[in-house]
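Had a look through the model you sent over. My notes are below the picture, so keep the viewer open while you read.

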Amino acid sequence: MMTFDGVVYGPVQSRRLGLSLGINLLPTENKVCSFECVYCECGFTKKGVTAKFPSFQKVEEEMTTCLRNLNAEGKQLDVITFAGNGEPTLYPHFEKVIDLTIRLRDQFHPNSKISVLTNATRLSNESVVRALKKVDNNILKIDSAINSTAKLIDVPVDSHYDVNTVIEQMSQFNGEFILQTMFLRGTVEGNVIDNTTEEEVNAWYEAVERMSPKQIMIYSIDRETPYKELEKVSHEELEKIADPLRKKGFDVMSA
């Protein structure tokens, strides 16, 4: 499994976002997340390990140095992306870091976008929501609109997680967000998982219409996963899922 060993990594060519400089606000020795997704490239959270988040000073120093140097080298970024070793919005000073990033972007890479990949479990936190409203691309995830399936795929740490609540919380963005969904199938610990069935896709369509995101990103497995019994959904199947939404005017990207 892959984890990142610093605050800044890349830039790398993202299949959905372009030339992306990654920002990891999570500990380097361990994944920290509110989900234990069955497909996560970072593997599982190590139990009994104390989370040691990088200090704001360290984040500021590493980001400033990297963005300044890339500017001096004439490298133009498409996007600065918050992802890393888990859920970025768990960082204690998340909004403060977003404000810092906006200042650095405007100074060194004014044409680049700021993106946050989040599992949307922190949308009850006012500071997190304010921060997400400040970035160009707040990319919010649900992997199923059916709660039992969402729990099988994403394995939320909070036993009270309810995807329907998350869908309602997304309404506070008034459509100014990007919805991201992973489609996959397979078997995990005896449980059959398949969010490409007619029932699943129809429930997801209904949720999409309720949320009305400005863009939708659908994709499937691309890297090693903790469970080997998971199967990638073909690009042709993704396009078939996307087509009815496109006909209704939604901007859907499949990768």
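Here are my points, going from the sheet to the salt bridges.

1. Ground rules first. This is a predicted model, where local features need pLDDT of at least 70 and side-chain atom pairs count only at pLDDT 80 or more, while totals for chains, interfaces and linings use all residues. Numbering starts from 1 along each chain as its sequence is written, and side-chain values use heavy atoms, with hydrogens and water left out.

2. The sheet. It is open, built from eight strands in the order 1-2-3-4-5-6-9-11, with mixed pairing. Strand 1 (8-14) and strand 11 (252-254) are the edges, each pairing on one side only. Neighbouring strands are turned by 25 degrees against each other on average, direction ignored. For the terms: strands (E, at least two residues) and helices (H or I, at least four) are DSSP runs numbered from the N terminus, and two strands pair if DSSP finds at least two bridges between them.

3. One pairing up close. Strand 5 (residues 137-141) runs parallel to strand 6 (residues 178-182), with three bridges between them. Lys-141 faces Gln-180 in strand 6.

4. A helix on the sheet. Helix 6 (residues 198-211) packs there, touching strand 6 and strand 9 (215-219), and its direction makes about 165 degrees with that of strand 6. Contact here means heavy atoms within 4.5 Å; axes are lines fitted to C-alpha atoms, for helices over the stretch in contact, and angles run from 0 to 180 degrees between N-to-C directions.

5. Salt bridges. The count is 18, taking a side-chain nitrogen of Lys or Arg within 4 Å of a carboxyl oxygen of Asp or Glu. Lys-134 and Asp-99 make one of them, at 2.8 Å between the closest N and O atoms. Lys-134 sits in helix 3 (residues 126-134) and Asp-99 in helix 2 (residues 94-108), so this pair ties together parts 35 residues apart in sequence. Both belong to a salt-bridge network with Glu-95 and Arg-130.

6. Helix 7. Lys-247 and Asp-243 meet in a salt bridge at 3.2 Å, N to O; they are four residues apart in helix 7, which means a separation of about one helical turn. Lys-247 is exposed at 68% relative accessibility, whereas Asp-243 is partly exposed at 33% (buried is under 20% relative accessible area, exposed over 50%, partly exposed in between, with a 1.4 Å probe and protein chains only). Glu-236 is also in helix 7 (residues 235-247) and counts as exposed at 59%.
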